[in-house]
Amino acid sequence: MSHSPLARRVCLILVSLAVYNTAMADSRPLTSLEGKTMGTFYSVKISGDLPEDKAHLQQEIDALLEQANNDISTYREDSILSRFNCYQGSDPQPIPGGMADIILVAQRIGRATDNATDITVGPLVNLWGFGPQKQPVTIPTQAQIDDARQRVGLQHLTLTSNSKGEWLQKDLPSLYVDLSTLGEGYGADVLAQLMTRKGITNYLVSVGGAISSRGVNGQGMPWRVAIQKPTDKENAVQAAVDLQGYSISTSGSYRNYFEQDGKRYSHVIDPSTGHPINNTLVSATVIAKTALEADGWDTGLMVLGTEKALKVAEQHGLAVYLITKTDNGFETVMTPQFKAFLQQEAKP
């Protein structure tokens with residue numbers, strides 16, 4: 001499972017998703033708002049007239065994302081999630097509804113991916129130097145990895161919900177929950193929900209590599225985004241899709257890593273081994289109804305590798321686009337559900 005810490009969100013500096021510019025001239029007003037959150041950047045693009053002052057809308061956006069950070073950041077010692085991780089007891093702890101939504105999605109996708117998506121894998125991520133207490137890069141010993149794996153497992157986490165609220169419970173005192181792999185998707189959905197509450201029906205919002213959309217762009221066309229090639233070149237486009245009111249998220253292994261003794265170690269950690277992934281899948285893109293859903297799936301698919309990821313995608317009817325490294329370069333494969341969104345594809 002990939003961990004891109006919320007305060008830095010380094011792994012999706014592979015912002016494999018970027019607004020895809022068309023050559024057409026704008027035919028309606030386009031408002032853009034940008035800022036920083038969760039260690040990355042957010043963007044809000046609104047087509048048509050604004051229902052309120054732009055500065056006031058930006059303040060509301062910043063406040064919502066700040067609240068999300070206060071809830072789920074592992075970098076803030078006083079966040080609700082950090083307090084839960086520090087708690088050494090087994091009594092259910094109250095949590096906000098938004099956090100419960102993230103955990104519910106994570107648990108469901110975790111089961112569907114045979115725990116390739118595991119929000120309790122934080123001890124392993126921290127051990128490899130990709131967590132909030134990033135350490136000098138060293139290769140952990142097998143004994144250290146085995147010890148950390150004893151403190152990992154979705155089966156140790158219980159989410160309870162009733163008419164009075166939501167509670168989170170652990171049966172392992174040292175269990176460490178990290179929601180950063182779904183944080184960007186959650187943030188994008190928070191922005192999309194704000195747009196809906198404001199009566200804004202044409203927007204494209206993004207937090208890092210997770211994007212939500214509705215309606216049309218400034219040319220009256222569906223919002224189009226690009227999937228980046230697995231390269232350090234920022235503007236190298238692999239494919240372009242029309243979102244048609246859906247959300248999209250990409251996870252990859254080609255940007256956030258460290259090298260030692262000539263070997264590259266990815267930030268994407270496989271919970272079943274405790275080691276960084278060692279497969280040929282370099283990028284997984286998922287289109288779903290919500291950014292949280294897309295963000296939850298893409299990381300687990302990266303851990304599974306191309307063959308298993310495709311099988312899971314087919315079983316669950318997912319719109320998935322995978323880029324795999326081969327001896328002859330890169331190869332791409334997509335599910336039929338993804339093909340319905342595809343507008344163009346470059347040769348790998």
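The legends below describe close-up views of a predicted model of one protein chain.

**View 1. The chain as a whole.**
The chain has 348 residues, of which 54% count as buried, and its secondary structure comes to nine helices and 19 strands. Among contacts between residues at least 6 apart in sequence, 66% join residues that are at least 24 apart.

**View 2. Two nonpolar cores.**
The largest nonpolar core has 60 residues, and those with the most contacts inside this core are Val-44, Ile-61, Ile-119, Leu-179 and Met-195. When neighbours within four places in sequence are left aside, Val-44 is in contact with eight residues that can be picked out one by one, namely Thr-31, Ser-32, Leu-33, Ile-61, Leu-191, Met-195, Leu-204 and Val-205. Apart from the largest core lies another, of 17 residues, with Ile-211, Ile-248, Ala-319 and Phe-341 among them.

**View 3. An aromatic pair, Tyr-246 and Phe-341.**
Two aromatic pairs are counted in the model. In the pair of Tyr-246 and Phe-341 the ring centres are 5.2 Å apart and the planes stand at 70 degrees, so the pair is edge-to-face. The two residues are 95 apart in sequence, with Tyr-246 in the loop between strands S10 and S11 and Phe-341 in the loop between helix H9 and strand S19. Tyr-246 is partly exposed, at 31% relative accessibility, whereas Phe-341 is buried, at 8%.

**View 4. Surroundings of Phe-84, Gln-93 and Lys-170.**
Lys-170 lies over the face of Phe-84, at 4.8 Å from the ring centre. Gln-93, which lies in strand S4 (residues 93–95), is partly exposed with a relative accessible area of 22%. Not counting residues up to four places away in sequence, Gln-93 touches Phe-84, Tyr-87, Glu-166, Trp-167 and Leu-168. Although Gln-93 and Lys-170 are 77 residues apart in sequence, their C-alpha atoms are 9.2 Å apart in space.

**View 5. A salt-bridge network with Glu-52, Glu-60 and Lys-198.**
The model holds six salt bridges by count, and in one of these the side chains of Lys-198 and Glu-60 meet at 2.5 Å, N to O. This pair links distant parts of the chain, 138 residues apart, since Lys-198 is in the loop between H6 and strand S7 while Glu-60 is in helix H1. Lys-198 is partly exposed, with a relative accessible area of 23%, and Glu-60 is also partly exposed, at 22%. Glu-52, Glu-60 and Lys-198 are linked together in a network of salt bridges.

**View 6. The bridge between Arg-108 and Glu-293.**
Arg-108 forms a salt bridge with Glu-293, and the closest N and O atoms are 2.6 Å apart. Arg-108 lies in helix H3 and Glu-293 in helix H7, so the pair ties together parts that are 185 residues apart in sequence. Arg-108 is partly exposed, with a relative accessible area of 36%, whereas Glu-293 is buried, with 18%.

**View 7. Asp-189, a buried charge.**
Asp-189 is found in helix H6 (residues 180–197). Asp-189 is buried yet has no salt bridge, and the nearest side chain of opposite charge, that of Arg-108, is 9.9 Å away. Leaving aside neighbours within four places in sequence, Asp-189 is in contact with Ser-212, Ser-247, Thr-290, Ala-291 and Leu-292.

Notes:
Residues are numbered from 1 along each chain as its sequence is written. This is a predicted model: local features need pLDDT of at least 70, side-chain atom pairs count only at pLDDT 80 or more; totals for chains, interfaces and linings use all residues. Side-chain values use heavy atoms; hydrogens and water are left out. Rings of Phe, Tyr and Trp (its six-membered ring) pair if their centres lie within 6.5 Å; planes under 30 degrees apart count as stacked, over 60 as edge-to-face and the rest as tilted. Helices (H or I, at least four residues) and strands (E, at least two) are DSSP runs, numbered from the N terminus. Buried means under 20% relative accessible area, exposed over 50%, partly exposed in between (1.4 Å probe, protein chains only). A charge sits over a ring if NZ of Lys or CZ of Arg is within 6 Å of the ring centre and within 35 degrees of the ring normal. Lys and Arg count as positive and Asp and Glu as negative; His and the chain ends are not counted. A salt bridge is a side-chain nitrogen of Lys or Arg within 4 Å of a carboxyl oxygen of Asp or Glu. Contact means heavy atoms within 4.5 Å. A nonpolar core is a set of buried Ala, Val, Leu, Ile, Met, Phe, Trp, Tyr and Cys residues joined through side-chain atoms within 4.5 Å.
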